[in-house]
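Thanks for making the time this morning. I would like to take you through one model, beginning with its cysteines, then going on to the core and the helices, and ending with a few backbone details.

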Amino acid sequence: MPFERLHFDQIRKTSTFRLTALLGLVFAAGVVALLGLIYGLSARELTLRTDRVLRIEAVRLRASSAESLPDRIVREIGRSASGLNSFALQSRSGETIVGNLHVVRTFKFDHPVNISAKPGVHGPLRVLAIQAPTGETILIARDIAPIVDLRLRILQILIGSGIAFVMLVLGAGVLLSLAPLRRVRDLQAASRAIAAGRFDLRMPVSARSDELDLFAGTVNTMIEEVERVVAQVKGVTDAIAHDLRTPLAHVRGHLQRAIALPDSDPRSVALAKAATIDLDLVLERFAALLRISQLEARGRQAGFATVPMAPLLGSVCDLYEPLAEEAGVALELGEISDATIRCDPQLLFEAVSNLLDNAIKFTGAGGRIILSVVTEAGAIVIVVRDNGPGLAASDRQAALRRFYRGVDAAGIPGTGLGLSIVAAITHLHGFGLELDDASPGLIVRIRALIAQQA
């Protein structure tokens, strides 16, 4: 039905959006993780290089004797051409004995640490503390401001290149996905047409022999098998209904002649009349089955025209008003808009007639039926509402199947095919058929999308 397909399309679009968003998030997370790994390894390598410089200096100073250590520190300060290295010799109490590094804090030996910059004094430093042979503390520091700047520059480059890479990949993904998306839309269009009963159609297959073609070929094989099975079942049903209708009609004629004989036994006449009633029911069912088959095989647009609803529904109401009056049911015309529907007027007349016939039979004496047509939510809706016993929610879909008779239908004449004919007619037109609770009673809607009428 159109509204079921619309609901499915909304679900599909939502699911596609969520899947695309999820894949995008996964890709973005992967890029962020990769860039983070690159930045982390780069920063670690720069730090390790600084630590190697500090440890080389530490080895030199450890090799000095206690007497020559202060002079060696002074010489190392003078040898630092770049000015990045700083040295200090601190007493056990923390006072600076010699050196150009003045830091008051406790350090763990042989573990390089960073200390923050002091404006006007020094930049951020990487400091290594070692213990001198005499128990004093030797501090070896290196200004890591250039490394901090380099790390910041690397981070900026990685972020910029990451954004550019993501945009490039997403753009390439969109361009590369246009053709597959077009093919998916073609497959969806074909599947919707096939689901609507066009078993003569097949899913499009390209010359690429890719996954979509493999899927389409599998579905086409399935459709061919379904078409074959449906045609066999339909053919058997139609053949039985067609072939048995004529002999049963002959049997009925013989029974009628037997009833009309002047010397017939009254008991035989009563049995013949009962058999005639049963035969009439069987013949009615066969006629309904053949009618459904005829509707299902009918051309999609044969006999279609733009039909005003007011006169059509008025004619149906006039036709069934005497039957409703005889059954003690009030049949009324409710709101009738000036809407028009593109349809086969005879078939739509038949569908509304079947709905009214069902409503009259099941509403019962003292009931009320309202026939109306309204425009709502982008659709033209034909509404048949009654205040009868209604139909349980679990039985509403089943009621559209052939020969379905609810538990409350005992003693009510019918074949169980009326709603099946209505369903076949609405399906032929592409209309929606809805059964809802009228509280009390049942409300049946035939819903035609306005977009379909354009």
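Let me begin with Cys317, which counts as buried because its relative accessibility, at 5%, is under the 20% cut-off. Please keep in mind throughout that what you have in front of you is a predicted model. Cys343 is buried as well, since its relative accessible area is 0%. As for cross-links, the structure holds 0 disulfides.

From there I would like to turn to the nonpolar interior. Which residues of the largest nonpolar core touch the most other members? That core has 42 residues, and the ones with the most such neighbours are Ile341, Leu356, Ile369, Leu371, Ile382, Leu433 and Leu435. The elements giving two or more residues to this core include the helices H6, at 309–326, H7, at 345–363, and H8, at 418–429, and the strands that do so are E8 (340–343), E9 (368–376), E10 (379–386), E11 (432–437) and E12 (442–449). Of these contributors, H7 gives the most, with 8 residues. Apart from this, there is a second, separate core of 13 residues, and among its members are Leu54, Ala58, Leu61 and Leu128.

Let me stay with H7 for a moment. With 19 residues at 1.5 Å a residue, H7 should span 27 Å, and its end C-alpha atoms are 26 Å apart, so the two values agree. The buried residues of H7 include Leu347, Leu348, Ala351, Val352, Leu355, Leu356, Ala359 and Ile360, and polar side chains are on the list too, among them Ser353, Asn354, Asn358 and Thr363. At the start of this helix, a side-chain oxygen of Asp344 comes to within 3.1 Å of the backbone nitrogen of Gln346, while just after H7, Gly364 takes a positive phi of about 85°.

The same questions can be put to H8. Its 12 residues should span 16 Å at 1.5 Å a residue, and the end C-alpha atoms of H8 lie 17 Å apart, which agrees. How many of the 12 residues of H8 are buried? The count is 10, so that H8 is mostly covered, and the buried set includes Leu419, Ile421, Val422, Ile425 and Leu428, along with Ser420, Thr426 and His429. Just after H8, Gly430 has a positive phi, of about 80°.

Next comes a charged residue, Arg183, which is placed in helix H3, residues 145–195. Is Arg183 buried or exposed? Its relative accessibility is 14%, and therefore Arg183 counts as buried. Leaving aside residues up to four places away in sequence, Arg183 touches Ser206, Arg208, Asp210, Leu212 and Asp213.

Finally, some backbone details in the loops. In the loop between E11 and E12 we find Ser439, which has a positive phi of about 50° although it is not a glycine, and which is exposed, with a relative accessible area of 59%. Pro440 is in the loop between E11 and E12, and the peptide bond from Ser439 to Pro440 is cis, with omega near 0°. Asp110, in the loop between strand E2 (96–99) and strand E3 (113–115), also is not a glycine and has a positive phi, of about 65°; at 34% relative accessibility, Asp110 counts as partly exposed.

Note on methods
Residues are numbered from 1 along each chain as its sequence is written. This is a predicted model: local features need pLDDT of at least 70, side-chain atom pairs count only at pLDDT 80 or more; totals for chains, interfaces and linings use all residues. Side-chain values use heavy atoms; hydrogens and water are left out. A nonpolar core is a set of buried Ala, Val, Leu, Ile, Met, Phe, Trp, Tyr and Cys residues joined through side-chain atoms within 4.5 Å. Buried means under 20% relative accessible area, exposed over 50%, partly exposed in between (1.4 Å probe, protein chains only). Helices (H or I, at least four residues) and strands (E, at least two) are DSSP runs, numbered from the N terminus. The expected span of a helix is 1.5 Å times one less than its number of residues. A disulfide is a pair of cysteine sulfur atoms within 2.5 Å. A polar contact is a pair of N or O atoms within 3.5 Å; within protein, one must be able to donate a hydrogen and the other to accept it, and residues adjacent in sequence count only if both atoms are side-chain atoms. Contact means heavy atoms within 4.5 Å.
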